[in-house]
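Subject: Handover of a structure

Dear colleague,

Please find below the structure that I am handing over to you. My notes on what was found in it follow.

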Amino acid sequence: MIEALLYCEFDNDAGPVATFQIPEKFMTVECFASIADYIIPQPFLCGKLVSISTPDLFRVVGVPMMIENPKFLRNALRFNLCFVFRYDTPISQYEPIVRKLSIILSALEMESEFLSNELSKKKLPIIMSQIFSDLNSLGECDIEIDNSNKICVRLLPKLNSPPEVFDYQVPVLIEAAIDEQKLESCDLVLRKIFSLINGKNYVKKIARESDVDIELVKKCLQNMMYYKCIVMIDIFQYSNMYTVTSLFKRLATDENLQNICLNFITTPDFPQPSFSKIFSAYSNLKNGEPILDTCKNLYSLNIDERKFFTFGLINGFIRRVNEFAILTDDLEQTDIPKSMLDGRHCLDAICCHMNASRKTILTLLEKSKSTIIFRK
């Protein structure tokens, strides 16, 4: 159960303050002062979930945010919408909601100065009161902020935390997970990027084309992963390499999965090939061999090559074989940042970071006498 909500911000004269509290005066001035440095922290903690215990055995959870802009005094707006729980309350169900609300408030500020405009800011205690009441009594809330924006959040059963989202990954929408009617009630970031989630666009491109900050896009996609609306795969390229996993045997025995596979990967309005040919195409994927020849064979079978690999990846019976580069001599000068040549950044990550093609990156790597490329 939520004990209180606090909207905190950095006042240019008073420092960190709890501007609004639901219920009112829930936290004393002395108690807030003891945790203020963690509620409105240094910039390196902004955008991260922070949980801090109070002297009176409560736990305050929030995601401190900082919006940098010369129009603000001190060139930044710093705020944090915090949830307060009893110390022994499990909070994992609430963490996605805390993150989502921080994203929504940031988007509203950047779109319409919702927080920095005193007139619109007066709506915040009313919104907080409804969030507090509805989540405690109903486990969900649906609040209309204005004609264009809504807050829709819901407590769901505990799921595993989503993995980190990278610039070079491609989100794939799980069929029927989100329809147009549901989209109308979603937050601003999701509505702006939704049409770009087509199984082809990678994260950095989605952020660029939607004109949304890439960190907001990543957080939104993480929320979608958490609720199992999307999965993340690699950028499709003919130079990619794949191999089968231990789950591949399921495809050999599950007839229902076989039928789903054929329906998904066959080019519309063309006859389906025999499943044995599809099974053979998957089983012939080998570590170290680019997929170009496989794609030529798929074309003759009336198979959509992109869907062929997407289906294998989202069902886990094939995996990408990535290439990594490691620099063995730190003194050598390179055209690629040395931080990317640590053996932990795949070539896709390097290409995306440098906005360069794989061919260009390989050419730069070949110039180096101390760089080793390996696959795994």
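Which residues of α4 are buried? They are L124, I127, M128, I131, F132, D134 and L135. Please bear in mind throughout that the model is a predicted one.

The helix α4 itself covers residues 124-137. Its 14 residues, at 1.5 Å a residue, should span 20 Å, and the end C-alpha atoms are indeed 20 Å apart, so the expected and the computed spans agree. As general background to the spacing of buried positions, an α-helix has 3.6 residues a turn, so residues three or four places apart point the same way. Just after α4 comes G139, with a positive phi of about 80 degrees.

Two helix pairs deserve your attention. Two packed helices are described by the angle between their axes and the distance between the axes.

The first pair to consider is α14 (residues 347-354) with α15 (residues 358-367), whose axes lie 9 Å apart at an angle of about 100 degrees. Angles of 65 to 115 degrees count as roughly perpendicular, and α14 and α15 are therefore described in that way. On the α14 side the contact is made by L347, I350, C351 and M354, and on the α15 side by R358, I361, L362, L364 and L365. By class, the residues of this contact are eight nonpolar, no polar and one charged.

The other pair is α2 (residues 95-112) with α8 (residues 214-226), where the axes come within 11 Å and cross at roughly 145 degrees. The crossing of α2 past α8 is left-handed. From α2, the residues P96, K100, I103 and M110 meet L216, K219, C220, N223 and Y226 of α8. The residues of the contact of α2 with α8 comprise six nonpolar, one polar and two charged.

Finally, some details of the backbone. Most residues other than glycine have a negative phi, and most peptide bonds are trans. The following places depart from that pattern.

- I22 and P23 are joined by a cis peptide bond, with omega at about -5 degrees. P23 is in the loop between β2 (15-22) and α1 (29-39).
- K25, located in the loop between β2 and α1, has a positive phi near 55 degrees. K25 counts as exposed because its relative accessibility is 77%.
- L57, in the loop between β3 (50-53) and β4 (58-62), has a positive phi near 65 degrees. With a relative accessibility of 61%, L57 therefore counts as exposed.

Yours sincerely

Terms used
Residues are numbered from 1 along each chain as its sequence is written. This is a predicted model: local features need pLDDT of at least 70, side-chain atom pairs count only at pLDDT 80 or more; totals for chains, interfaces and linings use all residues. Side-chain values use heavy atoms; hydrogens and water are left out. Helices (H or I, at least four residues) and strands (E, at least two) are DSSP runs, numbered from the N terminus. The expected span of a helix is 1.5 Å times one less than its number of residues. Buried means under 20% relative accessible area, exposed over 50%, partly exposed in between (1.4 Å probe, protein chains only). Axes are lines fitted to C-alpha atoms, for helices over the stretch in contact, and angles run from 0 to 180 degrees between N-to-C directions. Angles under 35 degrees count as roughly parallel, over 145 as roughly antiparallel, 65 to 115 as roughly perpendicular and the rest as oblique. Contact means heavy atoms within 4.5 Å. Ala, Val, Leu, Ile, Met, Phe, Trp, Tyr, Cys and Pro count as nonpolar, Asp, Glu, Lys and Arg as charged, and the others, Gly among them, as polar. A crossing is left-handed if the near helix is turned anticlockwise from the far one by less than a right angle, and right-handed if clockwise.
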